[in-house]
Amino acid sequence: MGIVERIKEIEAEMARTQKNKATEYHLGQLKAKIAKLRTQLLEPPKGSSGAGEGFEVTKFGHGRVALIGFPSVGKSTLLTMLTGTHSEAASYEFTTLTCIPGIIHYNDTKIQLLDLPGIIEGASEGKGRGRQVIAVSKSADIVLMVLDASKSEGHRQILTKELEAVGLRLNKRPPQIYFKKKKTGGISFNSTLHLTHVDEKLCYQILHEYKIHNAEVLFREDATVDDLIDVIEGNRKYMKCIYVYNKIDVVGIDDVDRLARQPNSVVISCNMKLNLDRLLAKMWEVMGLVRIYTKPQGQQPDFTDPVVLSADRGGCTVEDFCNHIHRSLVKDVKYVLVWGTSARHSPQHCGLAQMLEDEDVVQIVKKKEKEDGGGRGRFKSHSNAPSRISDREKKAPLKT
C-alpha cells in the first residue's frame with residue numbers, strides 16, 4: 001500500500017469516527033499519523049540522484065510574491081498588467097506551463113512577481129506538477145491567491161487545504177508552544193494557562209507516535225492538537241496571503257461588496273483594469289517594506305536609492321540597517337542620527353537597537369581612528385619601547 005492510499009484510509013477512518021470526549025485521543029493519534037505520512041510524501045524518493053526538475057528562479061528585488069490559483073483565473077493577465085512582462089494568456093486551461101517572473105516597480109522598490117502554473121485538487125499528492133508549484137511558493141514572502149469571482153467559494157477552501165497539506169499556514173502565526181527534545185528525563189508537560197483542547201495524556205500519545213520519549217513541552221496559549229503536531233514536525237511555513245477575486249465585471253454589485261468585505265481580500269478586474277492600484281497598496285501594506293534613506297555627513301540626503309528593510313528579511317533596527325550596508329560597519333558606529341516618524345525629535349541620537357520606520361533618514365557617525373603616535377603635541381604620552389630591559393634591542397658594539 002502506497003503513502004497516498006494510507007493517507008486516504010486514515011482520513012476515511014477519521015470521517016467515520018464520532019467526535020466526542022472518548023474518541024479525542026484516538027483522533028489525535030490519527031492526525032499525527034497523517035502528518036508523518038505527508039512529511040514522507042514530500043521527501044525525495046530514496047536512491048534518487050540530484051535534484052528534480054523544478055520552477056525555481058533566482059531571487060531578485062526587495063520582495064517576492066507568488067501567484068497561486070486554479071487554471072484560467074487570470075494569473076498571467078495580472079502579471080502582464082502589473083509588470084509589463086508578457087505571459088501567454090488564452091481561453092484554455094494550463095496555458096502557463098512553467099514559472100514566469102516579472103518585476104513590479106512600486107514606491108522606489110522592486111518586487112518580484114512569479115506567475116506559476118495553475119494547481120488542481122490533489123496537487124499536494126503530486127497531481128499536475130503541484131509539488132513544484134507549491135515548493136516555489138514556499139520561497140516567496142507573500143502569496144496572492146487568485147480566485148474567480150464568478151465561481152463558488154469552495155475553490156478557496158480547496159486551495160487552502162492543498163497548501164496546508166504540504167506545510168503552508170496562511171495568515172496564521174506560529175503557536176506559542178515551547179518544545180525541546182532531551183536525551184533523558186522523560187516528558188515534562190507544563191502550561192501557563194488552562195487548556196481546553198489538549199491534556200497531558202493526549203500530548204504523551206502524540207509524542208509516542210513520533211517515538212519521542214524524552215522532551216520538554218510548555219504551552220503558552222490554548223493551542224489545538226494540530227498546533228502541537230506542527231511544532232513537533234518543525235517544518236511548517238507561516239505565510240501572509242491576499243485573496244484576489246478577479247473577473248468582478250461579470251458578477252453583481254452585491255457579490256462584489258460581499259467579497260470585498262472579507263478579511264485579507266481584494267476585488268479586481270484585469271479585463272477592465274479595475275482596482276489594480278488598491279491591490280498594489282494592499283501588497284505593500286502586507287509585505288511591510290521599510291525604505292531608509294542615507295545622509296552623508298555635511299551633505300543632503302540621497303532620496304534616489306533607498307535601503308529597503310523588512311521584518312521578514314532580517315529586521316528593521318539600526319543594527320540591521322548597518323549590516324545591510326556592510327557587516328563590519330556595526331563595530332565602527334559611534335552613534336546614529338535619525339530623522340523621520342520613528343524619532344521623537346529631529347534629529348535624534350540613537351543606538352543600534354532603535355526601530356526604524358518607513359521613509360526615515362539615517363546618518364551614521366563612525367568612531368575616529370587613533371593615530372599611531374598616540375601622543376598629544378610635541379611630547380609623547382608613552383614610549384614604543386618594550387617594558388622590560390631584557391626585551392629591548394641591543395645596540396651593535398662600537399668599532400674601534
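Contact here means heavy atoms within 4.5 Å. On that basis, and leaving aside residues up to four places away in sequence, Thr-17 touches Thr-23, His-26 and Leu-27 in this predicted model. Thr-17 sits in the loop that runs between helix 1 (3-16) and helix 2 (24-42). With a relative accessible area of 19%, Thr-17 just makes it into the buried class, because the cut-off for that class is under 20%. The Thr-17 side chain also has a polar partner: it reaches the backbone oxygen of Glu-13 at 2.7 Å.

Next come the helices. Helix 5 covers residues 154-165, and its length works out nicely: 12 residues at 1.5 Å a residue should span 16 Å, and the end C-alpha atoms are 17 Å apart, which agrees. The buried residues of helix 5 are Arg-156, Leu-159, Thr-160, Glu-162, Leu-163 and Ala-165. As a bit of background, an α-helix has 3.6 residues a turn, so residues three or four places apart point the same way. Just after helix 5, Gly-167 takes a positive phi of about 100 degrees.

Helix 3 (residues 75-83) packs against helix 9 (residues 276-287) at an angle of about 85 degrees, and the two axes are 12 Å apart. Angles of 65 to 115 degrees count as roughly perpendicular, and helix 3 and helix 9 are therefore placed in that class. On the helix 3 side, the contact is made by Leu-78, Met-81 and Leu-82. Helix 9 brings Leu-276, Leu-279 and Leu-280 to the same contact.

Turning to the strands, five of them form an open sheet with mixed pairing, in the order 12-11-15-13-14. Strand 12 (302-309) and strand 14 (348-350) are the edge strands; each has a single partner strand, so one side of each goes without a neighbour in the sheet. On average, and with direction ignored, neighbouring strands of this sheet are turned by 40 degrees against each other. Inside the sheet, strand 11 (residues 290-294) pairs with strand 15 (residues 360-366) in the parallel sense, over three bridges. Thr-294 has Val-362 of strand 15 as its bridge partner. Helix 10 (residues 318-325) lies across strand 11, strand 12, strand 13 (333-339) and strand 15, and runs at about 110 degrees to strand 12.

A few backbone details deserve a mention. Most residues other than glycine have a negative phi, and most peptide bonds are trans. Ser-346 and Pro-347, however, are joined by a cis peptide bond, with omega at about -10 degrees. Pro-347 belongs to the loop between strand 13 and strand 14.

Ser-72 is not a glycine, yet has a positive phi of about 60 degrees. This serine is found in the loop between strand 1 (63-69) and helix 3, and at 33% relative accessibility Ser-72 counts as partly exposed. Lys-211, also not a glycine, has a positive phi of about 60 degrees too. Lys-211 lies in the loop between helix 6 (200-209) and strand 8 (215-219). Its relative accessibility of 66% puts Lys-211 in the exposed class, because the cut-off there is over 50%.

Terms used:
Residues are numbered from 1 along each chain as its sequence is written. This is a predicted model: local features need pLDDT of at least 70, side-chain atom pairs count only at pLDDT 80 or more; totals for chains, interfaces and linings use all residues. Side-chain values use heavy atoms; hydrogens and water are left out. Two strands pair if DSSP finds at least two bridges between them. Helices (H or I, at least four residues) and strands (E, at least two) are DSSP runs, numbered from the N terminus. Axes are lines fitted to C-alpha atoms, for helices over the stretch in contact, and angles run from 0 to 180 degrees between N-to-C directions. The expected span of a helix is 1.5 Å times one less than its number of residues. Buried means under 20% relative accessible area, exposed over 50%, partly exposed in between (1.4 Å probe, protein chains only). A polar contact is a pair of N or O atoms within 3.5 Å; within protein, one must be able to donate a hydrogen and the other to accept it, and residues adjacent in sequence count only if both atoms are side-chain atoms. Angles under 35 degrees count as roughly parallel, over 145 as roughly antiparallel, 65 to 115 as roughly perpendicular and the rest as oblique.
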